[in-house]
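Colleague: I would like us to take a close look at a single part of this model, and to go through it slowly enough that a first-year student could follow.

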Amino acid sequence: MTEPLKTDIAIVGGGLVGASLAWALQSLGYDVTVIEKVAFRATAQPSYDDRTLALSHSSCQILSGLGLWEGLAANATPIREITVAEPGKPGRVTLRATESGLEAFGHVIEAREFGSVVLQRLKQPGLVNWYIPAAVTAVVTGSNACKLDIESEQGTVSLQARLVVAADGAASTVRQLLGIDARCHDYEQTAVICNVTPSEPHRGRAFEWLTDSGPFAILPHVGNRCGLVWSVPTIQAQQYLDMDDAQFLHEAQKRFGNELGAFRKIGRRSTYPLKLVRAGQDTSGRVIIMGNAAHAIHPAGAQGFNLGLRDVAVLAELLAEKPGQDPGCEEILAAYSSWRKPDHDETVAWTDGLVRLFANPSKTAGLARTAGILAHALLPPLRRRLASKAMGYRGRTPKLALGQPLRNPG
Ligand SMILES: Cc1cc2nc3c(=O)[nH]c(=O)nc-3n(C[C@H](O)[C@H](O)[C@H](O)COP(=O)(O)OP(=O)(O)OC[C@H]3O[C@@H](n4cnc5c(N)ncnc54)[C@H](O)[C@@H]3O)c2cc1C
């Protein structure tokens with residue numbers, strides 16, 4: 001029988017979170033192997049698509065500390081102002097970055113652009129071992145290592161890893177192979193996304209309209225384009241795809257109003273069914289469940305990838321603390337889990353609560369949400385709390401998010 005191949009850390013899923021983690025951990029000197037199911041240039045690639053991603057201030061710091069921001073900055077758009085409102089109701093909150101002493105709350109980038117920057121770096125020879133396209137079909141956890149069976153067109157190979165990270169998205173195969181339960185809630189909403197170009201300059205303003213049918217967001221993007229994310233009831237989603245461009249723009253304009261003048265050009269439309277998926281545990285044996293595999297959340301509040309990047313920053317910091325240590329030892333897994341849990345709990349609860357409150361058509365909920373928005377508008381401490389959430393600072397902040405290096409120089 002042939003001996004299994006060996007690696008320090010196997011990352012299952014080379015999407016937004018898996019690729020960021022691979023980049024961070026190879027820089028710490030670990031032998032890293034990435035197993036990704038879908039070729040990166042394939043149109044079916046689910047992670048690197050047309051989505052515009054609002055990255056919080058803390059995420060931009062993390063990417064900068066990892067040396068990735070310099071490749072992204074040229075096509076990133078600063079978010080200088082965020083307005084949250086209920087259309088047709090008096091409540092409205094506008095948060096300005098300058099009020100928090102910042103130039104921007106964060107930046108907007110395109111998922112595809114992120115993929116091209118990080119993958120170009122990771123594809124440099126000798127940095128990371130790749131299995132792509134390939135799928136993990138079995139995981140066996142042991143006291144000293146985990147064994148993965150990896151299936152590709154070339155056949156099946158066995159890989160032994162001291163740590164396995166499942167970053168294989170909301171329907172995580174690794175999570176299922178390990179028998180880890182996940183709490184799922186179908187919002188019965190679908191996000192329709194596309195780019196639109198308004199007649200007036202966006203000047204870095206982002207908008208989130210909270211409506212009975214779901215949130216409607218406009219994010220500032222390069223070339224005065226704006227990323228539109230419109231959550232509609234799933235049973236109506238096909239209608240929004242079938243409309244011709246003029247009709248869709250008309251409906252979007254009716255929903256959004258004239259804050260940025262008239263919507264003119266429009267890009268390709270795509271849809272995403274929206275579900276909450278929360279894994280019952282984020283570690284098991286020598287396995288860490290990370291990113292959407294651990295917590296897939298509604299895009300209202302734009303928190304998903306930001307939360308995943310904080311997962312990356314925390315694991316990288318724990319592994320950087322003691323060079324050469326066993327990356328899958330109990331101590332690391334326990335420290336990771338206890339550090340990440342409060343942020344996961346709070347971000348999931350905050351996002352889920354926001355979506356449920358604004359999707360509730362009852363009169364009481366209507367009054368409560370208007371009051372909630374007014375409270376944020378009128379009470380400075382609540383305003384500051386909202387702004388600090390928007391910037392991605394929660395609980396114990398990892399060094400990278402504070403702009404500090406993973407390892408002290410010298
Ligand atoms: C409409 C929309 C807008 C969003 N906007 C924002 C935003 O503004 N800001 C923000 O922070 N977040 C946003 N998000 C959330 C963000 O997209 C996710 O948090 C992010 O994609 C999670 O990355 P991930 O790598 O964990 O998972 P994924 O992006 O799902 O990537 C998983 C990867 O694993 C691969 N894979 C799957 N199964 C296997 C397998 N068995 N073996 C090997 N590989 C496998 C997939 O091919 C994929 O490459 C948005 C989401 C949506 C739907």
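Colleague: Is S158 buried or exposed, or something in between, and what is its relative accessible area?

Modeller: Please keep in mind that this is a predicted model, and that what follows is computed from it. S158 counts as partly exposed, because its relative accessible area is 24%, and a residue is called buried when that value is under 20% and exposed when it is over 50%. As for its place in the fold, S158 lies in strand 11, which covers residues 155-166. If we set aside residues up to four places away in sequence, S158 touches P4, L5, K147, L148 and D149. One of these, D149, deserves a separate word, since the side chain of S158 makes a polar contact with the side chain of D149 at 3.1 Å. A further pair to look for on the screen is S158 and V136, which are 22 residues apart in sequence, while their C-alpha atoms lie 9.7 Å apart in space.

For contrast, it helps to turn to N306, which sits in helix 8, a helix of residues 304-321. N306 is buried, because its relative accessible area is 2%, and the limit for that word is under 20%. Again leaving out residues up to four places away in sequence, N306 touches A54, L55, S56 and S59. Two of these contacts can be described in finer detail: the side chain of N306 reaches the backbone oxygen of A54 at 3.1 Å, and a polar contact of 2.6 Å joins the side chain of N306 to that of S59.

Conventions
Residues numbered from 1 in each chain as written. Predicted model: local features only at pLDDT ≥ 70, side-chain atom pairs only at ≥ 80, totals over all residues. Heavy atoms only, no water. Helix = DSSP H or I, 4+ residues; strand = E, 2+ residues; numbered from the N terminus. Buried < 20%, exposed > 50% of the residue type's maximum accessible area, 1.4 Å probe, protein only. Contact = heavy atoms within 4.5 Å. Polar contact = N/O pair within 3.5 Å; in protein donor to acceptor, adjacent residues only side chain to side chain.
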